[in-house]
Protein chains: 2
Amino acid sequence: NREYDDQGDLIVCKLSDMRRVTIQDFKGKSLISIREYFIKDGKEFPSSRGISLTEDQWSIFKTHVPDIEKAVQKMESRIQ
Amino acid sequence: NREYDDQGDLIVCKLSDMRRVTIQDFKGKSLISIREYFIKDGKEFPSSRGISLTEDQWSIFKTHVPDIEKAVQKMESRIQ
């Protein structure tokens, strides 16, 4: 359970073995990344499978978490 | 302000002009995608820049939203 990845970015949480939410300082601004990693030569690297959100985008995202949750629940009840 | 994208997936919110959170039914399971779109021949398509979370991964993610927010605030205070 390391706090930082091999690029020095803060790991906030793991979503699966190789998927992580990290935070990095990019040119004086925070970037919030949700990304899949891969292993090469024993080191972990961020893959292109993922997205890095700006603070503004993160701000919008977090206010919509209840809407996303509601939509997931609705989709679930439709599927079953 | 459309509710569905050109693939028929539900748009829950827009994070920027071309970045969206969508929900789709994939083989009887919900997939929550945070993804950038691009326009080709007047139609919008999901690009490879993004990530699609399973319900389990979404579940983990949403419980960590306060931790992510805390880490962003901490990073901000360190940058300034």
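A salt bridge is a side-chain nitrogen of Lys or Arg within 4 Å of a carboxyl oxygen of Asp or Glu. The exercises below apply this definition, among others, to a predicted model.

**Exercise 1. Determine whether A:R19 and A:E36 form a salt bridge, and describe the setting of each residue.**

Solution.
Step 1. The closest N and O atoms of A:R19 and A:E36 are 2.8 Å apart. The cut-off is 4 Å, so the pair qualifies as a salt bridge.
Step 2. A:R19 belongs to strand β2 of chain A and A:E36 to strand β3 of chain A; the two residues lie 17 residues apart, and the pair thus links distant parts of the chain.
Step 3. Buried means under 20% relative accessible area. A:R19 is buried because its relative accessible area is 9%. A:E36, at 22% relative accessibility, counts as partly exposed.
Step 4. As a general point, side chains of opposite charge can pair when their charged atoms come close.

**Exercise 2. Identify the salt bridges across the interface of chain A and chain B, and classify the residues by exposure.**

Solution.
Step 1. Over all chains, the whole structure contains six salt bridges. Across the interface of chain A and chain B, the rule finds two.
Step 2. One salt bridge joins B:E69 to A:K62, with the closest N and O atoms 2.9 Å apart. This pair runs from helix α2 (residues 65-79) of chain B to helix α1 of chain A.
Step 3. B:E69 has a relative accessible area of 17% and is therefore buried. A:K62, at 27% relative accessibility, counts as partly exposed.
Step 4. A further salt bridge joins B:K62 to A:E69, where the closest N and O atoms are 2.9 Å apart. Here the pair crosses from helix α1 (residues 55-63) of chain B to helix α2 of chain A.
Step 5. B:K62 is partly exposed, at 27% relative accessibility, while A:E69 is counted as buried, at 18%.

**Exercise 3. Describe the interface of chain A and chain B by contacts, buried area and composition.**

Solution.
Step 1. In chain A, 40 residues are in contact with 40 residues of chain B.
Step 2. About 3,500 Å² is buried between chain A and chain B, and carbon and sulfur atoms give 71% of that area. On the chain A side, the residues that lose the most area to chain B are A:L15, A:I51 and A:W58, which together make up 17% of what that side buries.
Step 3. Eleven residue pairs are in polar contact between chain A and chain B.
Step 4. The elements of chain A that each supply at least two residues to the side touching chain B are β1 (10-14), β2 (19-26), β3 (29-40), β4 (43-53), α1 (55-63) and α2 (65-79). Of these, α2(A) gives the most, with nine residues.
Step 5. Sorted by class, the side of chain A that touches chain B comprises 19 nonpolar, nine polar and twelve charged residues.

**Exercise 4. Establish how β1(A) and β2(A) are arranged and how far β1(A) is covered.**

Solution.
Step 1. β1(A) and β2(A) run antiparallel and are joined by four bridges. Within this pairing, A:L10 has A:I23 of β2(A) as its bridge partner.
Step 2. The connection from β1(A) to β2(A) is a hairpin through four residues.
Step 3. Four of the five residues of β1(A) are buried, and the strand is mostly covered.

Definitions and conventions:
Residues are numbered from 1 along each chain as its sequence is written. Chains are lettered from A and ligands numbered from 1 in the order in which they are written. This is a predicted model: local features need pLDDT of at least 70, side-chain atom pairs count only at pLDDT 80 or more; totals for chains, interfaces and linings use all residues. Side-chain values use heavy atoms; hydrogens and water are left out. Contact means heavy atoms within 4.5 Å. Buried area is the accessible area (1.4 Å probe) that two parts lose on being put together, summed over both. A polar contact is a pair of N or O atoms within 3.5 Å; within protein, one must be able to donate a hydrogen and the other to accept it, and residues adjacent in sequence count only if both atoms are side-chain atoms. Ala, Val, Leu, Ile, Met, Phe, Trp, Tyr, Cys and Pro count as nonpolar, Asp, Glu, Lys and Arg as charged, and the others, Gly among them, as polar. Buried means under 20% relative accessible area, exposed over 50%, partly exposed in between (1.4 Å probe, protein chains only). Two strands pair if DSSP finds at least two bridges between them.
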